[in-house]
Each structure stands twice: as structure tokens, then as C-alpha cells.
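This report describes one structure, moving from a ligand site to the sheet, the nonpolar cores and the domains.

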Amino acid sequence: MNSVEQQLDKQKSQYREIFLKSAEEIQKRLEQIKPEGFSGELLDRYEPDSVGRQWQKDALTLLNQEISHEVYRKLQEILAYREMFKCSGCATCCRLACSEFSPEELKQKAANGDKFAQQFTSIFIPYERIEDAEKIYPEYIKLLKEKVEEKVYFYHCPKLTEDNRCSDYENRPQICRDFPDNPLAILPDKCGYRAWKDEINPIALMLHSMVEIIDFYKQKLQEVM
Ligand code: SF4
Ligand code: SF4
């Protein structure tokens with residue numbers, strides 16, 4: 001099993017356990033705001049002015065405000081902690097960027113005002129042959145081929161020099177400055193942020209599980225309200 005598969009396998013096995021814990025914790029908090037003596041269930045259907053409906057409204061407030069803000073704050077904390085680590089200059093992220101969008105789709109999104117697409121298309125150009133992308137990070141591309149059904153497009157930045165330097169460092173866009181901003185992203189072993197990612201991984205998984213559970217409750221509540 002290669003290093004990318006190991007990263008993913010570890011995340012998957014930790015996630016199951018973390019998800020159950022988060023679900024239990026959020027359920028407990030929703031139960032804590034249940035009106036005293038009320039015996040219904042949160043996802044039952046209730047009349048508009050009923051006690052049950054009020055509980056559902058309070059639950060939405062708890063999910064949208066308190067719990068979502070906690071997730072946001074914690075995410076900011078782990079991103080701030082990333083500053084304790086340094087890029088080791090391996091240039092993998094300049095040589096290989098993946099997207100579910102084709103170059104044409106990205107250009108269209110950029111033209112429609114999508115900030116990420118604007119920055120992405122300002123630096124990255126598509127690989128003409130997948131073999132060239134494979135040379136940069138073969139384990140990762142192998143994994144994408146095996147596990148991702150949708151088409152993935154591979155890009156690289158022509159501003160990178162042969163000695164792995166950014167030729168336009170002062171003007172590099174925010175997406176370069178922020179990388180890696182997804183704590184669950186797969187990072188190469190040689191990436192200077194790999195230790196950060198490994199350390200904060202359980203918290204990042206917990207936050208991810210909380211977002212999934214919040215979305216689940218919000219959707220179910222909308223269906224019954
Ligand atoms: S602009 Fe510079 S830092 Fe950003 S991807 Fe290109 S070479 Fe890398
Ligand atoms: S993959 Fe990590 S270490 Fe390599 S250039 Fe990108 S941020 Fe720096």
C-alpha cells in the first residue's frame with residue numbers, strides 16, 4: 001500500500017468512529033433544548049404554533065448559529081496553527097493541481113466572477129498528456145484513477161522555474177499563499193505541511209463530521225416543518 005492509500009485508509013477508519021461520536025454529541029445537545037415534559041421526536045411533524053414546532057425552530061438556531069460557529073472557529077484555529085509549519089519548497093503543488101472542471105469550464109466560471117477560478121486560471125494551465133502529470137505524483141494519480149469515477153483534469157503552473165522557484169513570488173495569488181487550506185487534502189510525504197495535517201487530522205475529521213450532521217438535521221427539519 002503506497003503512502004497516499006495509507007493516508008486515505010487512516011482517515012476513513014478514524015472517520016467512522018469520529019462521526020458516531022459527533023452524531024451522539026449533537027443529538028445530546030438537541031435533546032437538551034427539548035421543552036420540558038415534551039415527549040415527541042425532533043423530526044416528527046408538528047402544527048405551526050405547537051411546542052414541537054418551537055423545539056424545531058430552536059434546534060435550527062442551535063445548528064445554524066452556535067454549532068456552526070463552533071465549527072468555523074475551530075477551523076480558523078487549525079488554519080492559524082498551520083503558520084507554525086513551513087513549505088519545504090518541493091513544488092509538487094505548483095507542478096500538479098487537480099480539478100473536476102475542464103479548462104473551458106474554469107474559464108467560464110472565472111468570467112462569471114468565481115474568485116477561485118479567476119486565480120486558478122491566472123496561473124495554471126492544463127497538462128496535455130496525463131503521463132506528464134503522473135510523473136509528478138504517481139501515487140496520487142493512481143488513486144484518483146482507481147477511486148474517482150468523475151473525470152479529473154490536471155494542471156501545472158508555468159511560472160515555476162526549473163529549480164523549483166516561483167518566478168512571480170511577490171505577485172502569486174492568494175490560493176498559492178493559502179495552500180494547503182483544506183486540512184483533509186492529501187499531501188505528499190515531502191510537503192512541509194504534512195506534519196501539520198497529520199497532527200490536526202482528528203480535529204479536521206471531527207469538523208467535517210459535524211458539518212455533515214448539521215446538514216442532515218437541517219435538511220430533515222426543512223422536510224417536516
Ligand atoms: S504562481 Fe508561483 S507559487 Fe503559485 S503555483 Fe505558480 S509557481 Fe507555484
Ligand atoms: S506541496 Fe507543500 S512543501 Fe511542496 S511546495 Fe506545496 S506547500 Fe510547499
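## Surroundings of ligand 2

In this predicted model, the shell of residues around ligand 2 divides into 8 nonpolar and 4 polar residues, with no charged residue among them. One part of this shell is a run of neighbours in the sequence, made up of Cys87, Ser88, Gly89, Cys90, Ala91, Thr92 and Cys93. The other residues around ligand 2 are Phe179, Pro188, Cys191, Gly192 and Tyr193.

## The sheet

An open sheet is formed by 3 strands in the order β1-β3-β2, and the pairing is antiparallel. Because β1 (97–99) and β2 (125–126) stand at the edges and each has a single partner strand, one side of each is left without a neighbour in the sheet.

The pairing of β1 with β3, which covers residues 153–156, is antiparallel and runs over 3 bridges. Within this pairing, Ala97 has Tyr155 in β3 as its bridge partner. Both of these residues also appear among the contacts of Phe124, which touches Ala97, Tyr155, His156 and Cys157 when residues up to four places away in sequence are not counted.

## Nonpolar cores

In soluble globular proteins, nonpolar side chains tend to be buried together. The largest nonpolar core here has 18 residues, and those with the most contacts inside this core are Leu96, Phe124 and Tyr140. The elements that give two or more residues to this core are the helices α3 (92–95), α5 (115–123) and α7 (138–147).

Apart from this core lies another one, which has 13 residues, including Ala59, Ile200, Met210 and Tyr217.

## Domains and their contact

The domain assignment of the protein chain gives domain 1 as two segments, 3–85 and 201–224, and domain 2 as 92–192. The C-alpha centres of domain 1 and domain 2 lie 31 Å apart, and where the domains meet, 11 residues of domain 1 are in contact with 9 residues of domain 2.

On the side of domain 1 that touches domain 2, the elements that give two or more residues are α1 (3–32), α2 (51–81) and α9 (194–224). Of these, α1 gives the most, with 6 residues. By class, this side of domain 1 has 6 nonpolar, 4 polar and 1 charged residues, whereas the shell around ligand 2, described at the start, has no charged residue.

Technical notes:
Residues numbered from 1 in each chain as written. Chains lettered and ligands numbered in written order. Predicted model: local features only at pLDDT ≥ 70, side-chain atom pairs only at ≥ 80, totals over all residues. Pairing = 2+ DSSP bridges. Helix = DSSP H or I, 4+ residues; strand = E, 2+ residues; numbered from the N terminus. Near = placed C-beta within 6 Å. Nonpolar A, V, L, I, M, F, W, Y, C, P; charged D, E, K, R; others polar. Core = buried A, V, L, I, M, F, W, Y, C linked by C-beta atoms within 7 Å. Buried ≥ 20, exposed ≤ 12 C-beta atoms within 10 Å, placed from the backbone. Contact = placed C-beta atoms within 7 Å. Domains from an automatic or database assignment.
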